[in-house]
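User: Could you take a close look at the aromatic rings in this structure and walk me through what surrounds them? A connected account would help me most.

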Amino acid sequence: MTSIKDVAAKAGVSAGTVSKVLKGYGSISEATRNKVLEAVRELGYIPNSAASTLSSKGPRKIAIYLYINDKFQQIDEINMLYVLGALDRARRLRIGAVTVYNETLDAQKGLDSRVFFKSLSVDSIAVFGLNKDDKRMLDLMEDEGFSFAVIDAPIVRDNISSVSIDHRKAQHDVADQIIRDHDRVVYLSGKANGYITDLRLQGIMDLQKERDFRLQVVQCDFSESKAYEAALKYADDCDTFVCASDLMAIGVRKACQRLGIKRRISGFDGIRLLGYVSSSVLTVRQNFYRLGARAIDEIVRLRSGEKGREVTLPYETGYIHYQSVIK
């Protein structure tokens, strides 16, 4: 079996330097780091702690993989419900589960993603909020030794199920309910690297082709502050704001209040915060708890030998009222 000394010899560095690279220490030069990682790949080195777990025949766990921001946002309510749904379902099925954040995986700079998850006794991963830039997770999804349930990303393979609502149709439906004939519509879209951004954008484009209203698309990255600024800029030349998230709709609502004007506004997601801020914003209501639970159910299917599939859950359009929030 390859040892850390073998890696050190091949890279021409000390064993201590190899250890620091694998632990992600920032004091190592980029050139040295690259030499060590290349030696790790060529020799197929697996750290002792991970190797011992890989050889274990104990029960395998499901990883709940989440994306987190570097600062708190009210939208984190969605992640909380995802986790609750997944953990509750795993507990009922008596399956071990661990939560892994994208930053945790990013910190394992010198450790192969496969080895990292195997070191946690994980053989299946429920991925919430996958984006197109997460190369480590996308590469790992090529490994058929793992099973995946991917929420809100249209990726289906033998070992991968996709679980979501129909974002394209939902965006079409909610916009269709508030847009009037001859409206000037501003659509505030999400992050460019997001799968749901594309799907929701397709939904408003579908509606525009059907009804031939004037449409302007402004990328606001699901940001309340960017939506607020966009509303201030475009309000005079707009009848209806269609927002790809409730947080952006809240930003638009506050901007319109500041300007002393009324505009039709729709959001997307159905977060509770909307009920505290404005009951006049039409939205798409998703059941995030149910999505989290269904992801675990799909992993159980895949573990039993079934092939991946697309699972589409229902949604509703409506308003979030304060009285329903406080019950």
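Analyst: Let's begin with a term: a charge sits over a ring if NZ of Lys or CZ of Arg is within 6 Å of the ring centre and within 35 degrees of the ring normal. Lys 132 fits this description, lying over the face of Tyr 195 at 5.9 Å from the ring centre. Lys 118 has its charged end over the ring of Phe 146, 4.7 Å from the centre of that ring.

A word on the source: this is a predicted model, in which local features need pLDDT of at least 70 and side-chain atom pairs count only at pLDDT 80 or more, while totals for chains, interfaces and linings use all residues. Residues are numbered from 1 along each chain as its sequence is written, and side-chain values use heavy atoms, with hydrogens and water left out.

Now to rings that meet other rings. The structure holds 7 aromatic pairs (rings of Phe, Tyr and Trp, the last by its six-membered ring, with centres within 6.5 Å; planes under 30 degrees apart are stacked, over 60 edge-to-face, and the rest tilted). One of them joins Tyr 65 and Tyr 67 edge-to-face, with 5.4 Å centre to centre and 75° between the planes. Phe 116 and Phe 117 also form an edge-to-face pair, at 5.2 Å centre to centre and 70° between the planes. Ring pairs link these residues, Tyr 65, Tyr 67, Phe 116 and Phe 117, into a cluster.

How well covered are the members? Here, buried means under 20% relative accessible area, exposed over 50%, and partly exposed in between, using a 1.4 Å probe and protein chains only. Tyr 65 is buried at 0% relative accessibility, and Tyr 67 is buried at 15%. Phe 116 counts as buried because its relative accessibility is 8%, and Phe 117 is buried with 0%.

An aromatic residue also turns up on the surface: Tyr 289 forms a nonpolar patch there with Met 80 and Leu 84, with about 270 Å² of accessible area together. Such patches take residues with over 30% relative accessible area and no salt bridge (a side-chain nitrogen of Lys or Arg within 4 Å of a carboxyl oxygen of Asp or Glu), joining nonpolar side chains (Val, Leu, Ile, Met, Phe, Trp, Tyr) within 5 Å and like charges within 9 Å. The areas come from the Shrake-Rupley method with a 1.4 Å probe; for residues, only the protein chains shown count as cover. Within the patch, Leu 84 is partly exposed, with a relative accessible area of 39%.
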